[in-house]
Number of protein chains: 2
Amino acid sequence: MTGLELDSEELPTRERILREASRLFGKKGYHGTSTRKIAEAVDIRQPSLFHHFPSKDAIMAELIDIDLDEAATVAQAQASADGSAALRLYKYLIWDISFICRCAYDLTSVESVLDDPVFADKRARHQTLVDARRSLIEEAIDSGEFVKVDPEVAERAIVWILRGDINDTAGQAIPDADVVADQLASFILRALLSDPSRLDEIRVAAGESVA
Amino acid sequence: MTGLELDSEELPTRERILREASRLFGKKGYHGTSTRKIAEAVDIRQPSLFHHFPSKDAIMAELIDIDLDEAATVAQAQASADGSAALRLYKYLIWDISFICRCAYDLTSVESVLDDPVFADKRARHQTLVDARRSLIEEAIDSGEFVKVDPEVAERAIVWILRGDINDTAGQAIPDADVVADQLASFILRALLSDPSRLDEIRVAAGESVA
DNA sequence: TCGGTAGCCTATCGATTGATAGGCCTGGGG
DNA sequence: CCCCAGGCCTATCAATCGATAGGCTACCGA
């Protein structure tokens, strides 16, 4: 625990900027959100934003880092681990969805701006996440744990289920994050497992390794 | 067939505006795309856009109508039909994904602007689509064809898989649209069917009703 | 032949954008 | 006591936004 269970109004201005900006970016899109609207949400004047961030882009860049850094680390850790690839994918999914649900920021807008040349320097980090995820999927297909499906199709479906979760639950501090995570991860595993009856075994195994 | 298998450069200006605008909206977002960029892509001057559309909003509005009108009709038809709800959901999915793949427009941006008050008049039509889809899912769960899963979770996953398909294939006139449609629809059905072995039976039944 | 209309153009509008300049106030260290 | 740095303010900037006004040209039906 970080110990900052502060009321929203007591949070440092910089932190409040990140939260309100992420919320507005998620709702109206990055380009659809002006610095004046962000300032209004934080209840300061628009130029005051630039005492905390050098530019509007920098606010978005920080949100991108928050989204990618931990996700890429966890995905890579699972990709390079041993044992059942299906189990490792499940663990990654549970972690990622829980993270999304618990995160104080609405990270909806992150992936949709990654193609923008302005944020080109974030693309490498994003690619490591994509590669790690892809690697887990292909491993599970090759080993026969998953049905013979186009890895591209599977990954696209997974990525967008996650993105939908971000979009619908982000920045709300969902109380039952674990339940949501299990439901979505189970949905994905059922769609991919050659033997769907293995799902419960995988859920139990993942639960044990966490506890 | 409509008979307009024209070269892109021979298309009427109005049509080229719709196509280029949809492509740019999909890539940069609605607010991230200026009317000048659209005009540049169509190779006309910016004010000339307003001889074909009264406003930038009107371009987006037309794309929304294209996206929603047929989708809502098909979804409602399947929702009010008889027989296996799982089969009807599969049919709707196949139709929708094929439509997305074949569509001349990139409809990525449509759903992301539906919350905007500017397009509030489109929301009712969108709601009929959402309701019809939800109804199919709940019917399949209640009848036992689908596993006992939260309908909200299932619908969210489906919607976002579809949206991901829009985003990644839109406006490209995918040649093997049928293959993509079957793969994605099968992914969804596998995740939901209580008895996954019924998938092949459903695919065959859907194929027959089309032919 | 002529009037009108469709389609595109140049020039320009007011509003809004992200960002800068510089002043005011407060709190802490010498 | 003074100084100064951090944090916020007002005022304002140039750039870009969506949209309008009005002129030129090609074409079509009476």
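1. A good place to start is Thr13(A): one of its polar side-chain atoms lies 3.0 Å from a phosphate oxygen of DNA strand D. A polar contact here is a pair of N or O atoms within 3.5 Å; within protein, one must be able to donate a hydrogen and the other to accept it, and residues adjacent in sequence count only if both atoms are side-chain atoms. Please keep in mind that this is a predicted model, where local features need pLDDT of at least 70, side-chain atom pairs count only at pLDDT 80 or more, and totals for chains, interfaces and linings use all residues. Residues are numbered from 1 along each chain as its sequence is written, chains are lettered from A and ligands numbered from 1 in the order in which they are written, and side-chain values use heavy atoms, with hydrogens and water left out.

2. Chain B also reaches the phosphates of DNA strand D. A polar backbone atom of Thr35(B) is 2.8 Å from a phosphate oxygen of this strand, and a polar side-chain atom of Ser34(B) lies 3.4 Å from a phosphate oxygen of DNA strand D.

3. Now for the wider surroundings of DNA strand D. There are 16 residues around this strand (a residue is near if one of its heavy atoms lies within 4 Å), and those that come nearest are Arg45(A), Ser48(A), His51(A), His52(A) and Lys56(B). Sugar or phosphate supplies 49% of the strand's atoms within 4 Å of the protein, and bases supply the rest. By class, four of the residues near DNA strand D are nonpolar, nine polar and three charged. In this scheme Ala, Val, Leu, Ile, Met, Phe, Trp, Tyr, Cys and Pro count as nonpolar, Asp, Glu, Lys and Arg as charged, and the others, Gly among them, as polar.

4. DNA strand C has 16 residues around it, and Lys56(A), Arg45(B), Ser48(B), His51(B) and His52(B) come nearest. Of the atoms of this strand within 4 Å of the protein, 47% are from sugar and phosphate. The surface near DNA strand C is made up of four nonpolar, nine polar and three charged residues.

5. Chain A touches both bases and backbone of DNA strand C. A side-chain N or O atom of Arg36(A) is 3.0 Å from a base nitrogen, and a polar side-chain atom of Gln46(A) is 2.8 Å from a base nitrogen. Lys56(A) instead uses a backbone N or O atom, 2.8 Å from a phosphate oxygen of DNA strand C.

6. Next, the helices where the chains meet. Helices (H or I, at least four residues) are DSSP runs, numbered from the N terminus. Helix α8 (residues 177-192) of chain A packs on α8(B) at about 110°, with the axes 7 Å apart; axes are lines fitted to C-alpha atoms over the stretch in contact, and angles run from 0 to 180 degrees between N-to-C directions. The two are therefore roughly perpendicular (65 to 115 degrees). Phe187, Arg190, Ala191 and Leu192 of each chain meet here, where contact means heavy atoms within 4.5 Å. These residues divide into six nonpolar, no polar and two charged.

7. α7(A) and helix α7 (residues 151-169) of chain B pack at about 115°, with their axes 8 Å apart. Among the residues that meet are Trp160(A) and Ile161(A) in α7(A), and Trp160(B) and Ile161(B) in α7(B). By class, this contact has six nonpolar, six polar and eight charged residues.

8. Finally, α7(A) and α8(B) have axes that come within 10 Å and cross at roughly 55°. α7(A) contributes Val153(A), Ala154(A), Arg156(A), Ala157(A) and Ile161(A), while α8(B) contributes Val180(B), Gln183(B), Leu184(B) and Phe187(B). Seven of the residues in this contact are nonpolar, one is polar and one is charged.

Terms used:
Parallel < 35°, antiparallel > 145°, perpendicular 65-115°, else oblique.
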